[in-house]
Amino acid sequence: MKIALLGPPGSGKGTQGAMLRESFSIPHISSGDLLRAAVEAGSELGDQAKGYMDKGQLVPSELVIGMIRERVAENDCTGGYLLDGFPRTVEQAEKLESMVGANGHAVDHVVALEVEEDKVVERLSGRRSCPECGRLYHVSFQPPRSDGICDDCGAELMIRDDDREETIRKRLEVYRRQTAPLLDFYEKAAILRIVDGDAAPAEVAEQVLAAVREEDD
Ligand code: AP5
């Protein structure tokens, strides 16, 4: 099963990806996580990507597409994958299709999470993440048991560099301009399902599961 999660920054793609990879037994591939790992590792890709990410802009597609092409070619992707944050433009969606060529479609289901912009700003301003295991928290909605410490591995939680309010607003503008047109692209391909991302995380996951299973029936 090949699924792509769409939605504005903070709509819950990472949260859902972490929950749904268990349900579908497929890897969760977040382009943002891969790019942040490249920045952290100080690789050439990371050095090229960092400036764009800090400003809330998209990293040039030629950098991101190569990274995703390598990742989906790994052995754990033979049974499918759950993409989060990729594709992010119509150009990336077209390139993704050409990666798999004649061997079927690159994506079977696209699920778009809908959340109002004000809510998204509130979510991202309170987001904390674990630099060791990647678990996500929110200071009010999903707080860790001990302030600032990961429940799972005990690491000190961090705030993402692009979660400052002015960068969040920029990312939302980029989403509206460059990513929202993808909704039409996948609507025309008849594989788009819209899910209300404003419910509790477990409820959203149920809705995503239902949407994907309904399409498979
Ligand atoms: P990326 O990491 O993909 O960021 P994003 O799309 O802006 O999305 P976020 O990770 O901020 O939010 P999310 O939807 O995953 O929400 P989350 O689950 O964390 O990209 C970062 C940057 O990398 C981009 O700006 C760009 O520069 C670059 N990049 C990445 N992919 C690219 C591509 N394909 N092409 C070019 N450039 C690319 O949740 C947010 C918070 O809300 C958390 O605190 C969480 O606990 C809380 N929360 C989640 N769900 C709920 C809920 N249901 N109720 C209450 N709180 C919730």
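**Why these names fit**

Author: Hello! In this predicted model, the count comes to 20 salt bridges. Here a salt bridge means that a side-chain nitrogen of Lys or Arg lies within 4 Å of a carboxyl oxygen of Asp or Glu.

Reader: Why is the contact between K95 and E91 called a salt bridge?

Author: The closest N and O atoms of K95 and E91 are 3.5 Å apart. The cut-off is within 4 Å, so this pair meets the rule. Both residues belong to helix α5, four residues apart, about one turn of the helix.

Reader: Are K95 and E91 buried, exposed or partly exposed, and how do you know?

Author: Buried means under 20% relative accessible area and exposed means over 50%, with partly exposed in between. K95 has 35% and E91 has 41%. Those values lie between the two limits, so both residues are called partly exposed.

Reader: What makes E117 and R176 a salt bridge?

Author: Their side chains meet at 2.4 Å, N to O, and that is within 4 Å, so the name fits. E117 sits in helix α6 (residues 117-125) and R176 in helix α7, so the pair ties together parts that are 59 residues apart in sequence. At 32%, E117 counts as partly exposed, and R176, at 44%, does too.

Reader: Which residues are linked in a network of salt bridges?

Author: The network links R127, R160, D162, D163 and R171. Within it, the side chains of D163 and R171 meet at 2.9 Å, N to O, which is within 4 Å and therefore a salt bridge. D163 and R171 are both buried.

Reader: How do you know whether D162 is buried or exposed?

Author: D162 has a relative accessibility of 11%. Buried means under 20%, so D162 is buried. You will find D162 in the loop between β6 (136-138) and α7. Try finding K55 as well: D162 and K55 are 107 residues apart in sequence but 7.3 Å apart in space, C-alpha to C-alpha.

Reader: And what about E166: buried or exposed?

Author: E166 lies in helix α7 (residues 165-179). Its relative accessibility is 60%, and exposed means over 50%, so E166 is exposed. E166 and H109 are 57 residues apart in sequence and 33 Å apart in space, C-alpha to C-alpha.

Reader: What makes E114 fit into a surface patch?

Author: A patch residue needs over 30% relative accessible area and no salt bridge, and like charges are joined within 9 Å. E114 has 49%, so it passes the area limit. With D196, E203 and E206, it forms a patch. The patch is called negative because Asp and Glu count as negative. E114 itself is in strand β4 (residues 109-114).

Reader: Why is a set of residues called a nonpolar core?

Author: The name is used because its members are buried residues of listed kinds, such as Val, Leu and Tyr, joined through side-chain atoms within 4.5 Å. In this model the largest such core has 28 residues, and L83, V110 and Y186 have the most contacts inside it. Elements giving two or more residues to this core include β1 (2-6), α3 (44-55), β3 (81-84) and α8 (181-188). Helix α4 gives the most, with six residues.

Reader: What makes S25 and A190 stand out in the backbone?

Author: Most residues other than glycine have a negative phi. S25, however, has a positive phi near 50°, and A190 has one of about 60°. S25 is in the loop between α1 (13-24) and β2 (28-30), while A190 is in the loop between α8 and β7 (192-196). With 64% for S25 and 59% for A190, both are over 50% and so count as exposed.

Reader: Is the peptide bond from F86 to P87 cis or trans?

Author: That bond is cis, with omega near -5°. Most peptide bonds are trans. P87 lies in the loop between β3 and α5.

How values were computed. Residues are numbered from 1 along each chain as its sequence is written. This is a predicted model: local features need pLDDT of at least 70, side-chain atom pairs count only at pLDDT 80 or more; totals for chains, interfaces and linings use all residues. Side-chain values use heavy atoms; hydrogens and water are left out. Patches are made of residues with over 30% relative accessible area and no salt bridge: like charges are joined within 9 Å, nonpolar side chains (Val, Leu, Ile, Met, Phe, Trp, Tyr) within 5 Å. Accessible areas come from the Shrake-Rupley method with a 1.4 Å probe; for residues, only the protein chains shown count as cover. The place of a charge is taken as NZ of Lys, CZ of Arg, CG of Asp or CD of Glu. Buried means under 20% relative accessible area, exposed over 50%, partly exposed in between (1.4 Å probe, protein chains only).
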